[in-house]
Amino acid sequence: MSVLKIERKILEKNDQIAERNREIFLSNKIFTMNMLSSPGSGKTSLIEKTILKLGGQIKFGVIEGDPQTDLDAQRLNSLAIPVVQIITNGGCHLDANLVNDAFSKGSFSQVELLIIENVGNLVCPAGFDLGENIKVVVVSVTEGDDKPLKYPVVFRNSSVMIINKIDLLPFVNSSIDQLSKNALEINPSLKLFTTSCYTDEGLDLWCEWIKNQIIHR
Amino acid sequence: MHEFSLAKEIISQVGRIIPVNDLPQIQTIKIHVGEFSNVMPDSLLFAFNSLIEGTILNNVRLELEIVALKVKCNICQQVHPIQTNSFVCPNCNSRELQLFSGSELFIESILMKDN
Ligand SMILES: Nc1nc2c(ncn2[C@@H]2O[C@H](COP(=O)(O)OP(=O)(O)OP(=O)(O)O)[C@@H](O)[C@H]2O)c(=O)[nH]1
Ligand SMILES: [Mg+2]
Ligand SMILES: [Zn+2]
């Protein structure tokens, strides 16, 4: 019997392509955000709202990832920005290669902020580097305030957490305080925002923060 | 379900490393899986075993070593294992911690039968 030492990452290929993506984004001066959440927490709604508020000031591009349909891309079509839909055919996460492909299909070279909406899933996408600058995790109040404790990896790996659907707080028994506390328990450097895409509450602070990221990118 | 993608990656990486003629000599592939890597060991084994069935790698064993989540404290410099849902230094209660281990996901070694 002989033993061959290998010591190579299983996701080595993905990480190499992610590194290439990072170089492409950097050389085009594009700030990239990888948005993660459970299905239906409001990723597309937040993207729509953000573009409606900042579209005049920042050049956006969006890559949409879904297991099936281009419904999310269709929703963004009226916003007059470059959008590419990735359909993963049931796949539970985006990988760096899919993003690399999508990027070459869109006209993104003038874009300042590229938002990548990942497949709705708090587990699988967390381990795949896409070459993004930051991961933004979205949780809605209807999901309960224990999500950070149940899905710690994605909260640890994200820079920002958006608590969405706060207009629904009166109807559910989860609290922003508890949700924030649980998230900070996992990752004390998480930047927190609370938003509603129905009342627009909190969206201005979020947009202000994004503008700063773009200016200082 | 990303365990299937990971199992495919393991198989294709082994295919890149080991010359085709030597593939039947592979007995065991040893991998390290961090406790904080979001990988379910049983799903990964199931995915791997389903994918190799009827192929040249048919009887290869995938051996998983689970690596515990440990953090290094920026304040007291000590390394400690922690629970996945509480990032607090067990020694000094600081929250300024770096991941020391637990996110691993790599092929450690391949055991080959001698021919
Ligand atoms: N009440 C309320 N509903 C919201 C809010 N944001 C989004 N929604 C609704 O929640 C549902 C899902 O929103 P989407 O924006 O499609 O969520 P998503 O995360 O993009 O969903 P997937 O891409 O399918 O994972 C839609 O019916 C939205 O109208 C909010 O702040 N408050
Ligand atoms: Mg969506
Ligand atoms: Zn300490």
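B:Val71 stands opposite B:Leu99 in strand 5 of chain B. That pair is a good way into this predicted model, in which local features need pLDDT of at least 70, side-chain atom pairs count only at pLDDT 80 or more, and totals for chains, interfaces and linings use all residues. Residues are numbered from 1 along each chain as its sequence is written, chains are lettered from A and ligands numbered from 1 in the order in which they are written, and side-chain values use heavy atoms, leaving out hydrogens and water.

**The sheet of chain B**

Strand 3 (residues 70-73) and strand 5 of chain B pair in the antiparallel sense over four bridges. Strands here are DSSP runs of type E with at least two residues, helices are runs of H or I with at least four, and both are numbered from the N terminus. Two strands count as paired if DSSP finds at least two bridges between them. The open sheet has three strands in the order 4-3-5, with antiparallel pairing. Strand 4 (79-81) and strand 5 (97-101) of chain B are its edges, each pairing on one side only. Neighbouring strands are turned by 35° against each other on average, direction ignored.

How confident is the predictor in chain B, by mean pLDDT? The mean is 96, and 99% of the residues reach 70 or more; pLDDT is the predictor's confidence in each residue, from 0 to 100. For the complex, the ipTM is 0.91 and the pTM 0.95.

**The sheet of chain A**

Chain A has an open sheet of seven strands, ordered 4-3-5-2-6-7-8, with parallel pairing. Its edge strands are strand 4 (83-87) and strand 8 (191-194) of chain A. The twist averages 20° from one strand to the next. Strand 3 (residues 60-66) and strand 4 of chain A run parallel and are joined by five bridges, and A:Asp66 stands opposite A:Ile87 in strand 4. Helix 2 of chain A packs on the sheet, and its direction makes about 170° with that of strand 3 of chain A. Such angles run from 0 to 180 degrees between N-to-C directions, with axes fitted to C-alpha atoms, for helices over the stretch in contact.

**The magnesium site**

Which residues hold the magnesium ion (ligand 2)? A:Thr44 (OG1), A:Asp72 (OD) and A:Glu117 (OE) coordinate this ion at 2.1 Å. Donors are N, O and S atoms within 2.8 Å of the metal (3.2 Å for Na, K and Ca); water is not among the atoms, so sites may look incomplete. A:Thr44 lies in helix 2 (residues 43-54) and A:Glu117 in strand 5 (residues 113-117) of chain A, so the pair ties together parts that are 73 residues apart in sequence. Both A:Thr44 and A:Glu117 are buried, where buried means under 20% relative accessible area, exposed over 50% and partly exposed in between (1.4 Å probe, protein chains only).

**Two positive phi values**

Two residues of chain A that are not glycine have a positive phi.

| Residue | Phi | Loop in chain A | Relative accessibility |
|---|---|---|---|
| A:Lys165 | about 65° | between strand 7 and helix 7 | 24%, partly exposed |
| A:Asp200 | near 70° | between strand 8 and helix 8 (203-215) | 27%, partly exposed |

**Where the chains meet**

The contact (heavy atoms within 4.5 Å) takes 32 residues from chain B and 28 residues from chain A. The area buried between the chains is about 2,800 Å², and carbon and sulfur atoms give 59% of this area. Buried area is the accessible area (1.4 Å probe) that two parts lose on being put together, summed over both. B:Phe36, B:Asn38 and B:Arg95 supply 19% of the area that chain B buries against chain A, more than any other three residues.
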